[in-house]
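Got a minute to walk through a model together? Here it is, and then we'll talk it over.

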Amino acid sequence: MFRRAAALTVAVLALGAAVMAPAATAAAACNWTAHKIVAPDGYSDTEVTITGTDSHGNYSGHVLDRNVNQGKVVLWTDGEPRIPDALAPFAYPNVADENSAGTVLLDGGLPGTSWGVYLFSGGHHGPGTLTRLPDPAGYRLDSAVALNDRGDVLASATDLGDGQRVSVLWSVLAAGPQVIDLPDRYGMDLDDDGTVLLHAPDNKLGGLWRAGVVTPLTGEDRPVLIRQIRNGVVVGTAIDSWPASRALAWHGPADPRPLEQGGTAEATNKHGLIAGSLTNLIGPSAVWRDTKLLGLLPFPDGGDADVYVVGDDGVIFGNTDSKHAALRWTCD
């Protein structure tokens, strides 16, 4: 599962500014190199956003078509972009995730049908197969959330009886979809063992749901923006007064560990590679291994970036704030 990590808040984006980085104490094991990502013919490179990767050199996302003010789903295979024929008709599609098999999870509308959640498999090396996930009885699927490597799917839905938001989990280990209906809690990410990371309102700590059992996250009293779970480790950001913050990684439900000089933790992979910002909410983009600072991410045109995806192959994806160019960082 390689889901994106969004920017902290709209306010953070509006107020964000570059700051001078403190002296890096990084024991850099490599040099990070930034590569620009190209859009399909007829579209602008500045309108590309990457939201998934198979960690084998291929990735997925969307490109905005300004003529109709909506996106088109794009798959990049060995760096070459393509809009698959099966996905081209989608209205307002959203690519939520991609797993190591190259299966893409998305939501959107097709002509003549209602909004739905879909899996698209085999698209990197062929025409691909599009499969719509059925609405569970009594519920309406609203949005795709996460897809893990064994093929489990997490989605958001509405209870048609009371109108409340719920989460729906399709596990390869279960006979059918499981509805997760918890007051003020909903699934925001999915680990490879089927653990669901729960979001809580008002930036409170959520928890972990697995096989019907909820385990709360503890150890931090400040407001927290939880982001992702990978290999049992949860990453997020504790918020102080603007712009002070602290990047954290929970190595257990009650074991939050601060990242060295970490301001925010936005995305991670199963090997403990974490991307976020240095020092505070508006610090420059940086990379950690577990809690150890590795270094800063470079930018060919200056500025900074929002990081969306960290692949299990160590490749990082994001968008610059200066020209909104989509970038791919590799460790050389």
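What follows is a short chat about this predicted model, from the whole chain down to one residue.

Visitor: How many helices and strands does the protein chain have?
Guide: This one leans on strands, so to speak, going by the count. The protein chain has 28 strands and one helix.

Visitor: How does the radius of gyration sit against the globule rule for 332 residues?
Guide: For 332 residues the globule rule gives 20 Å. The chain comes in close to that, so it is as compact as a globular protein of that length. Its radius of gyration is 19 Å.

Visitor: Is Asp152 buried or exposed?
Guide: Asp152 sits in the loop between strand 10 (139–147) and strand 11 (153–159). Buried means under 20% relative accessible area. Asp152 has 0% relative accessibility, so it counts as buried.

Visitor: Which side chain does the side chain of Asp152 join in a polar contact?
Guide: Pairs of N or O atoms have to be within 3.5 Å to count. Here the contact is 2.5 Å, and the partner is Arg150.

Visitor: Which residue has its backbone nitrogen 2.8 Å from a polar atom of the Asp152 side chain?
Guide: Leaving out residues up to four places away in sequence, Asp152 touches several others, including Leu169, Trp170, Ser171 and Val172. One of these offers its backbone nitrogen at 2.8 Å from a side-chain polar atom of Asp152. That residue is Val172.

Technical notes
Residues are numbered from 1 along each chain as its sequence is written. This is a predicted model: local features need pLDDT of at least 70, side-chain atom pairs count only at pLDDT 80 or more; totals for chains, interfaces and linings use all residues. Side-chain values use heavy atoms; hydrogens and water are left out. Helices (H or I, at least four residues) and strands (E, at least two) are DSSP runs, numbered from the N terminus. Buried means under 20% relative accessible area, exposed over 50%, partly exposed in between (1.4 Å probe, protein chains only). A polar contact is a pair of N or O atoms within 3.5 Å; within protein, one must be able to donate a hydrogen and the other to accept it, and residues adjacent in sequence count only if both atoms are side-chain atoms. Contact means heavy atoms within 4.5 Å. The radius of gyration is taken over C-alpha atoms; the globule rule is 2.2 Å times the number of residues to the power 0.38.
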